[in-house]
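Me: I'm new to this one and would like a close look at a single part. Could you take the aromatic rings and walk me through what surrounds them?

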Amino acid sequence: MIDMAVFKQFQGAIAHLGEMAKPEPIADDERVARAKAVMRRKTDRALALDLESCVNCGYCSEACHFYQGTQDPKYTPTRKLDLLRRVHAREGSAFAPINRLFTRDITLADLQEWQELVYDSCTECGRCSMVCPMGINIARGVNVMREALSEAGLVPLELMAVAQEQAGRGTVFGVGPAELAGVVQTLRGRGITIPLDEPHADVMLVTTVIDVLLFQDALAATARILNHLKINWTLRSAGFEAANFGLLSGNETLQRTASQKIIDEALVIGAKAVILPECGHAYPALRWEGHLPNGKPLPFEVLAASEFVGREIREGRLALLPGDPSRKLTYHDACKLARHGGVIDEPRAALRALGVDFRESSPTAELNWCCGGGAGTFLINRAAPLRHKAWQIKRAQVEATGADTVVLSCASCRLNFMEGDEVEQSGLHIESLIELVAAQLPGSPAP
């Protein structure tokens, strides 16, 4: 069960996050110069082609939850790349000398305006990219813009505060090895075997600050499944945090450092696989962006928790007790898992194994609507009204299925669903996929 008092405390901490940030004093001209340098460096052939290919058809607007929630043209996804287009047109395109006569340079005011567009009103969900007839990867362009604004010291204060904490102290919301050890002891007190800092293991499990503070049942559920499968696994104190605020804020150095902690620990114990918690952005941070220092691929598998349990069920290694066929469930695909990562079939294999009345939403899978809270947007206080408008689209999609429960495999999505339900008092029943699977393990009580 979720301790709602802790949830309230977490919300309260978010409300004051910005006060903890320590912005770097940078001259205005230097901010612009830094941002432009990142834009130029990141505009490779593929991005340049994307910037020059937009025909302003507007299809991306039809796919964007922020545009659809507000009908405000400033939230048109392709518009969020306009500063990149201007820098490319003036400094990198074939006709740059001519373009400089007609295209104005970007300014600090532009960068400040674009902060809302690439942080508050974009979760980098990638839905716009999927429907673009020109194949433009808008989400990648937005990520480059975040990196440019980060270099210019223009990250929203909430994300800046957590990124600075992770970079400086190695903790997130005050959670470090000591807090992890405390939760491990609590779960052991519930009779759950939790290996910690074993010198060798086939599987290394990582978790997140959200699970340590709030969703401890998700960590317990994952442990129970691994134990049931008799897998040799462990958590590692020096590399347990999957949350990567370098990726969310646009700080490349922090992104690599945070990932490297996990990679180093997996290598030390000889892990064959790293299992990530129910966390959307942790998946691309390690699965797609993670690599060895020499640039070579990681010598171990990286699996999302939902991906892992679905695979074990499909391959016959994990059987579940019969469920309640009258229970109606639908599933929300986390954008970074499904749309970006292709983790679509495995969660559904797990849901069907539960023996419930599983109902697909429409649209579904890789075209499922984003909940509005990903990519760190959930932490930005001023974005709450905009985020809620996006969530209302998701809520309507869930309600249209007639399901009594929506199942999630991302803690950030779960937080945003909980906040949306709290605002509207909609009575939406929200469940974790990994917890539902653990609750139907043979031979053991529900967590």
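Reply: Here is a walk through the aromatic rings, followed by a few other spots worth a look. Keep in mind that this is a predicted model.

Let's start with rings that pair up. Searching the whole structure turns up 3 aromatic pairs. In one of them, Tyr283 and Trp288 have ring centres 6.1 Å apart and planes at 90°, so this pair is edge-to-face. How buried or exposed are the two partners? Tyr283 has a relative accessible area of just 1%, so it counts as buried, the cut-off being under 20%. Trp288, at 45%, is partly exposed.

Another pair is Trp391 with Phe417: the ring centres are 6.2 Å apart and the planes meet at 85°, so this one is edge-to-face too. Here the pair ties together distant parts of the chain, with Trp391 in helix H21 (residues 384-400) and Phe417 in helix H22 (residues 411-424), 26 residues apart. Both Trp391 and Phe417 are buried.

Rings can also have a charge over them. The charged end of Arg414 sits over the ring of Phe215, 3.9 Å from the ring centre. Arg127 does something similar with Trp369, lying over its face at 3.8 Å from the ring centre.

One more aromatic residue turns up on the surface. Tyr59, which belongs to helix H4 (residues 59-63), joins Met130, Val131 and Leu367 in a nonpolar surface patch, and together they have about 340 Å² of accessible area.

Now for His281, which sits in the loop between strand E3 (273-276) and helix H17 (282-288). His281 has 9% relative accessibility, so it counts as buried. What does His281 touch, leaving out residues up to four places away in sequence? The contacts are Ala242, Ala243, Asn244, Leu247, Leu248 and Lys336. The C-alpha atom of His281 is also 8.8 Å from that of Ser412, although the two are 131 residues apart along the chain.

Last stop: helix H18 (residues 305-314). Of its 10 residues, 8 are buried, so the rest of the structure largely encloses this helix. Among those buried residues is an aromatic one, Phe308, along with others including Val309, Gly310 and Ile313. Glu307 and Glu312 are on the buried list as well. After H18 comes Gly316, with a positive phi near 80°.

Definitions and conventions: Residues are numbered from 1 along each chain as its sequence is written. This is a predicted model: local features need pLDDT of at least 70, side-chain atom pairs count only at pLDDT 80 or more; totals for chains, interfaces and linings use all residues. Side-chain values use heavy atoms; hydrogens and water are left out. Patches are made of residues with over 30% relative accessible area and no salt bridge: like charges are joined within 9 Å, nonpolar side chains (Val, Leu, Ile, Met, Phe, Trp, Tyr) within 5 Å. Accessible areas come from the Shrake-Rupley method with a 1.4 Å probe; for residues, only the protein chains shown count as cover. A salt bridge is a side-chain nitrogen of Lys or Arg within 4 Å of a carboxyl oxygen of Asp or Glu. Helices (H or I, at least four residues) and strands (E, at least two) are DSSP runs, numbered from the N terminus. Rings of Phe, Tyr and Trp (its six-membered ring) pair if their centres lie within 6.5 Å; planes under 30 degrees apart count as stacked, over 60 as edge-to-face and the rest as tilted. Buried means under 20% relative accessible area, exposed over 50%, partly exposed in between (1.4 Å probe, protein chains only). A charge sits over a ring if NZ of Lys or CZ of Arg is within 6 Å of the ring centre and within 35 degrees of the ring normal. Contact means heavy atoms within 4.5 Å.
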